[in-house]
Amino acid sequence: MAESAGLEHGLEHGAEQTVQEYIQHHLSYLTFGRHPDGHWGFAHTIEEAKEMGFMALHVDVMAWSLLLGGGALLFFRYIGRKATADVPNGVQNFVESIFEFVDSRVQEGFDHKNPTIAPLALTIFVWILLMNTMDLVPVDWLPGVAAWFGVFVGQEHMSFKVVPTTDPNVTLGMSFSVFILIIYYSIKNKGVGGFLSELAFHPFGKWMLPFNLLIEIPTLLAKPISLGLRLFGNLYAGELLFLVIAGLLGLYQLPFHFIWAVFHILVVPLQAFVFMMLTIVYLNAAHDSPQH
Amino acid sequence: MDITLTIVGQSIAFFVFWWFCQTKVWPLFANVLDERKKKIAEGLDAANRAQKDLQLAQARSTEQLKEAKVEAAEIIESANRRAAQIVDEAKEQAREEGKRIIAGAHAEIEQEINRAREDLREQVASIAIAGAEKILERSVDRAANEEMLNKLAAEL
């Protein structure tokens with residue numbers, strides 16, 4: 001990301017803040033991590049955050065991610081405990097319709113017997129859907145509240161990102177978790193030998209082994225990377241456009257914001273759905289018999 | 001695109017949420033939906049059975065209605081027969097009664113005639129004697145002429 005020394009002086013919507021700085025600020029995270037001198041603490045500037053390298057936690061997106069995923073699951077559990085087999089009330093009906101939607105997708109896309117796939121798909125779908133939906137909240141609301149609050153905790157110009165899926169760490173974290181499951185179920189169902197032979201002796205037989213590996217290993221690795229980056233890319237692009245609209249137009253953003261939000265409403269559930277379906281498909285392939 | 005600890009945090013959250021969903025959330029709804037499916041199946045079954053029962057009942061009711069109609073017809077017929085019989089009997093009785101009354105009347109008339117005849121006879125005898133006495137200007141010994149008077153009366 002570009003250097004922006006201007007961030008250190010005032011980020012209010014003043015004359016000294018350019019659109020670029022505005023967007024830059026909105027795209028950075030509230031970071032907690034290890035400073036180069038070894039002590040742990042919040043980063044106060046984008047530069048500080050960058051210097052932390054890997055040993056940094058994006059507190060804002062992590063908090064929203066946990067809040068949304070955990071909140072949804074707790075809500076589901078709360079509804080589920082009260083659920084009856086009689087005529088369901090409105091909320092129960094709503095949750096059941098999501099449940100049945102996911103369940104039927106799993107039954108269509110997953111040919112093997114594994115009762116853990118459907119809950120996985122439900123978790124992924126609902127979680128990503130909610131994280132994506134945060135993109136529809138006007139871009140300055142929650143960061144504005146956070147910035148106001150940040151003043152009291154010694155965080156001037158606090159960055160606060162509210163859309164977890166615009167953080168590649170979040171999307172790749174999920175997609176590589178799925179990748180771990182792919183490898184786990186591949187080995188569980190095909191054996192280590194079966195899994196490796198699929199990489200080595202497919203598609204051209206054992207005499208072309210190096211060539212097969214050259215094809216199959218990138219194919220395997222491409223799954224989680226494409227899975228995570230697709231979600232990230234779609235949401236990042238959407239968020240960026242919201243920011244551009246907000247940054248360039250200020251108060252006059254409303255109609256444009258609205259129009260883009262309407263388009264974006266399509267992207268939000270679609271990307272959650274795509275992530276879920278691809279997870280099902282990948283895990284289905286991991287359960288398929290080796291001779292395939 | 002800086003990869004940070006966040007990716008680890010998100011992965012941990014992923015597995016925790018998966019576990020939570022699988023153990024704490026999914027079974028609740030799976031059970032409820034299964035139960036409802038069963039209930040609906042039972043309900044449909046019961047409805048089918050009820051419909052079958054209804055058809056049976058309808059068939060039975062039409063059968064019974066038909067039987068009842070036949071029975072009613074029979075009853076009406078027998079009642080008609082009985083009525084006719086009663087009327088016949090009554091007619092017969094009435095005729096007999098009439099005959100009896102007529103016969104009684106005849107007998108009474110006969111009796112009345114006989115009594116009248118007896119009276120007449122009596123009176124004829126008296127008149128005859130009175131006449132004879134007038135003619136003979138003397139009394140006639142009734143006892144002496146008893147036989148002749150009786151003969152006269154018998155001729156009447």
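Arg115(B) forms a salt bridge with Glu112(B), and the closest N and O atoms of this pair are 2.7 Å apart. The model in which this pair appears is a predicted one. Arg115(B) and Glu112(B) stand three residues apart in helix 1 of chain B, so about one helical turn separates them. With a relative accessible area of 46%, Arg115(B) is partly exposed. Glu112(B) also counts as partly exposed, because its relative accessibility is 43%.

A second pair can be followed along the helix. Glu92(B) makes a salt bridge with Arg95(B), with a distance of 3.2 Å between the closest N and O atoms. About one helical turn lies between Glu92(B) and Arg95(B), because they are three residues apart in helix 1 of chain B. The relative accessibility of Glu92(B) is 39%, so this residue counts as partly exposed. Arg95(B) has a relative accessible area of 49% and is likewise partly exposed. Since the cut-off for exposed is over 50%, a value of 49% still falls in the partly exposed class.

Gln93(B) also belongs to helix 1 of chain B, which covers residues 6-136. Gln93(B) has a relative accessibility of 58% and therefore counts as exposed. The distance between the C-alpha atoms of Gln93(B) and Lys66(B) is 40 Å, and the two residues are 27 residues apart along the chain.

From these residues the description may pass to chain B as a whole. Chain B contains two helices and zero strands. Its radius of gyration is 59 Å, whereas the globule rule gives 15 Å for 156 residues; chain B is therefore more spread out than a compact globule. Along its principal axes, the C-alpha trace of chain B spans about 190 × 25 × 25 Å. Of the 156 residues in chain B, 15% are buried.

The next topic is the meeting of the two chains. Their contact draws 30 residues from chain B and 55 residues from chain A. Between them, chain B and chain A bury about 3800 Å², of which 76% is on carbon and sulfur atoms. There are 15 residue pairs in polar contact between chain B and chain A, counting pairs with both residues at pLDDT 80 or more. On the side of chain B that touches chain A, 19 residues are nonpolar, six are polar and five are charged.

Salt bridges also occur across this interface: the rule finds two of them between chain B and chain A. Over all chains, the structure holds nine salt bridges. One salt bridge joins two chains, because Glu96(A) lies in helix 4 (residues 90-109) of chain A and Arg36(B) lies in helix 1 of chain B. The closest N and O atoms of Glu96(A) and Arg36(B) are 2.7 Å apart. Glu96(A) has a relative accessibility of 2% and so counts as buried. Arg36(B), at 14% relative accessibility, counts as buried as well. Both classifications rest on the cut-off for buried, which is under 20% relative accessible area.

Within chain A, His264(A) offers a further place to look. His264(A) is part of helix 9, which comprises residues 254-287 of chain A. What surrounds His264(A), once its neighbours within four places in sequence are left aside? The residues in contact with His264(A) are then Asp135(A), Leu136(A), Asn234(A), Leu235(A), Gly238(A) and Phe242(A). With one of these, Asp135(A), the side chain of His264(A) makes a polar contact, side chain to side chain, at 2.6 Å. Is His264(A) buried or exposed? His264(A) counts as buried, because its relative accessibility is 1%.

The last residue considered is Ala147(A), which is placed in helix 6 (residues 141-152) of chain A. The relative accessible area of Ala147(A) is 25%, so this residue is partly exposed. In sequence, Ala147(A) and Ile187(A) are 40 residues apart, and in space their C-alpha atoms are 48 Å apart.

Methods: Residues numbered from 1 in each chain as written. Chains lettered and ligands numbered in written order. Predicted model: local features only at pLDDT ≥ 70, side-chain atom pairs only at ≥ 80, totals over all residues. Heavy atoms only, no water. Contact = heavy atoms within 4.5 Å. Buried area = accessible area lost by both parts, 1.4 Å probe. Salt bridge = Lys/Arg side-chain N within 4 Å of Asp/Glu carboxyl O. Polar contact = N/O pair within 3.5 Å; in protein donor to acceptor, adjacent residues only side chain to side chain. Nonpolar A, V, L, I, M, F, W, Y, C, P; charged D, E, K, R; others polar. Helix = DSSP H or I, 4+ residues; strand = E, 2+ residues; numbered from the N terminus. Rg over C-alpha atoms; globule rule 2.2 N^0.38 Å. Buried < 20%, exposed > 50% of the residue type's maximum accessible area, 1.4 Å probe, protein only.
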